[in-house]
Amino acid sequence: MSTLTTLQDIMINDYRLTRAQLAPEAELSSLGIDSLDMLELFFKIEERLGIKIWNEVPGSLRTVHDVVAYVDDLRARQATVRDAPVPDHRVTPP
Amino acid sequence: MQRVAITGLGVVAPLGHRVEDLFTNLLAGRSGIGRLRVSLQEKLHTPIGAAVEFDPDEYFAPQRLRMLDRVSQFALVAVARAIVDSRLDFTKEASERCGVSVGSSMGGALTTDEGYMSLYGERSERVKPYTVLASMTNAPAAWISIDHGLSGPNLTYSTACSSGAVAIGEAARRIRSGDADVMLAGGTEAPLTFGVLRAWEAMRTLATEDRLDVSRSCRPFALDRDGLVLGEGAAFVTLESWEHAIARGAHIHAELSGYGLCTDVGHITRPTVEGQANAMRAALRSAGIPAEAIDYVNAHGTGTQQNDSVETAALKAVFGAHAYAVPVSSTKSMHGHLLGAAGALEFVIAVSSLERGAVPPTMHLDNPDPLCDLDYVVGRGRTDLALRHALSNSFAFGGTNAVLVASAPA
């Protein structure tokens, strides 16, 4: 499922919004979503999309599209990390 | 020095959402103690308590609710009731002259418990993002200030079972000193969750369930008392400087005339006669009245072996012969022990006693203890009394003894 659809599904359920209100250009603040709501939003995104967000989410995320782009970037990077070969730290005795 | 007027009362309590209902139920000797429904209760030896009937959806939108532990929900609803009762309009007040003072022993215990269940019980690494905000002990106070726009002092006191009384007493001091015009003060507690109940059981301080009638399980001052019963809820008062209350034509329920504080330093749980007596003496000094002027005592009266005999001895030490004449009751026999909210709820009850000229009973005291030989208003409330001064005791693990005195407005 696309990140946009996942995000929309969560917000429709939790904030009683419609899909039409959640167009990519929609401003989060005008939808009544503040920085604390974002915490919970990302908590659910983590679960649905299997990504991990450890640090502060950037305050520059203003629109639905910004969130989607941020999450897609994380998905891409974390997928790369997952697929990368596990480095071998074993030390060969001399 | 400013006199302190009590102009608003608000509760969310076992036995009532309105002070009138609560007091009527207490006077009639009704008990709010019953079987609890909490998860994992099969692992509890005694799954009993005094729960509040409370549907949070009646008061809060879902989005808001996710951030509020039950302890904050209780506080916000009780304080809103106290504000309505006092007919205060905070838009007309100087915001920085109005403050909040809250007592809570365990803060957002349900949120903490839920987080631990997820992390340790379910071995999940996920914990809700609002866990810190919902469980922090000062959350109830913070939300009150935010909701009502009060930018004066915002304080939370955590002194175990005396937290609510301390919060009210310390708020009164701010008004007395002229530092604040209005203080919303009280206590809130929501401890009825498996983790908390089990921890109290482990201390061996909880009453066993009465086999014939669960509602009779808490028996303060009785020979067969065997512990306290936990309860939940919140109680708040609106405190104002006397001048401020008179200037706006407010109805004054009573004057908060005295507050005494003293600490037992001998032991973390064991109370002392001297410590409790000194707190009562300090409260009487602060009220400027002799012990003989007290017409009603709302006792701490937990129903534990330790407290009730020590409190009785402390009352005798302070009141002398008057100890046998003044009605003393433990309403915990009916509403249970609300921990950090107990002192606030019992102070509201003491104020209501003054206003109504009525004294609620101590229930379930069928077997008198020879060490507890005062007039505990056994089994039946009294009405048509002329009451001028009431004293409310709150003692605590950790030793912080707090005593409040309310006086009929004059």
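1. In this predicted model, the domain assignment divides chain B into domain 1, covering residues 4-247, and domain 2, covering residues 256-407. The C-alpha centres of domain 1 and domain 2 of chain B lie 20 Å apart, and the contact between them takes 65 residues of domain 1 of chain B and 58 residues of domain 2 of chain B. On the side of domain 1 of chain B that touches domain 2 of chain B, the elements that give two or more residues are strand 1, helix 1 (19-27), helix 7, strand 6 and strand 7 of chain B. Helix 7 of chain B supplies the largest share of that side, with nine residues. By class, the residues of this side of domain 1 of chain B comprise 37 nonpolar, 20 polar and eight charged.

2. The largest nonpolar core has 129 residues, and those with the most contacts inside it are Ala78(B), Val348(B), Leu404(B) and Ala406(B). This core lies between domain 1 (4-247) and domain 2 (256-407) of chain B, because both domains give residues to it. Val348(B) may serve as an example: when residues up to four places away in sequence are not counted, Val348(B) touches Leu9(B), Val11(B), Val19(B), Ala235(B) and Val237(B). A second core, separate from the largest one, has 12 residues, including Leu7(A), Leu28(A), Ile33(A) and Val64(A). As general background, nonpolar side chains tend to be buried together in soluble globular proteins.

3. The sheet of chain B is open and is formed by 10 strands in the order 5-4-6-7-1-8-12-11-9-10, with mixed pairing. Its edge strands are strand 5 (154-157) and strand 10 (328-329) of chain B, each of which pairs on one side only. Helix 10 (residues 273-287) of chain B packs on the sheet, where it touches strand 8, strand 11 and strand 12 of chain B, and its direction makes about 145° with that of strand 8 of chain B. Helix 7 (residues 163-176) of chain B lies across strand 1 (4-12), strand 4, strand 5, strand 6, strand 7, strand 8 (254-263), strand 11 (389-394) and strand 12 (400-407) of chain B, and runs at about 175° to strand 6 of chain B.

4. Strand 6 (residues 182-189) of chain B deserves its own point. How many of the residues of strand 6 of chain B are buried? Eight of its eight residues are buried, and both faces are covered, with Val182(B), Leu184(B), Gly186(B) and Thr188(B) on one side and Met183(B), Ala185(B), Gly187(B) and Glu189(B) on the other. In a regular strand, side chains alternate between the two faces of the sheet.

5. The two pairings of strand 6 of chain B considered here run in opposite senses, being parallel with strand 4 and antiparallel with strand 7. Strand 4 (residues 98-103) of chain B pairs with strand 6 of chain B over six bridges, and within this pairing Met183(B) is the bridge partner of Gly99(B). Strand 7 of chain B pairs with strand 6 of chain B over eight bridges, with Glu189(B) standing opposite Gly233(B) and Leu184(B) standing opposite Thr238(B).

6. Helix 6 (residues 139-148) of chain B has Ala139(B), Pro140(B), Ala141(B), Trp143(B) and Ile144(B) as its buried residues. These buried residues pack against helix 3 (70-86), strand 4, helix 5 (131-135), strand 5 and strand 6 of chain B. After helix 6 of chain B comes Gly149(B), which has a positive phi, near 65°.

7. Is Ala222(B), which sits in the loop between helix 8 (194-202) and strand 7 (233-241) of chain B, buried or exposed? Ala222(B) counts as buried because it has 22 C-beta neighbours inside 10 Å, the cut-off for burial being 20 or more. Apart from neighbours within four places in sequence, Ala222(B) is in contact with His364(B), Leu365(B), Asp366(B), Asn367(B), Pro368(B) and Asp369(B). The C-alpha atoms of Ala222(B) and Asp369(B) are separated by 5.3 Å, although these residues are 147 places apart along the chain.

8. Finally, the contact between the two chains takes five residues from chain A and six residues from chain B. On the side of chain A that touches chain B, helix 2 (residues 35-49) of chain A gives the most, with four residues. That side of chain A has four nonpolar residues, no polar residues and one charged residue.

Technical notes: Residues numbered from 1 in each chain as written. Chains lettered and ligands numbered in written order. Predicted model: local features only at pLDDT ≥ 70, side-chain atom pairs only at ≥ 80, totals over all residues. Contact = placed C-beta atoms within 7 Å. Pairing = 2+ DSSP bridges. Nonpolar A, V, L, I, M, F, W, Y, C, P; charged D, E, K, R; others polar. Core = buried A, V, L, I, M, F, W, Y, C linked by C-beta atoms within 7 Å. Domains from an automatic or database assignment. Axes fitted to C-alpha atoms, helices over the stretch in contact; angles between N-to-C directions.
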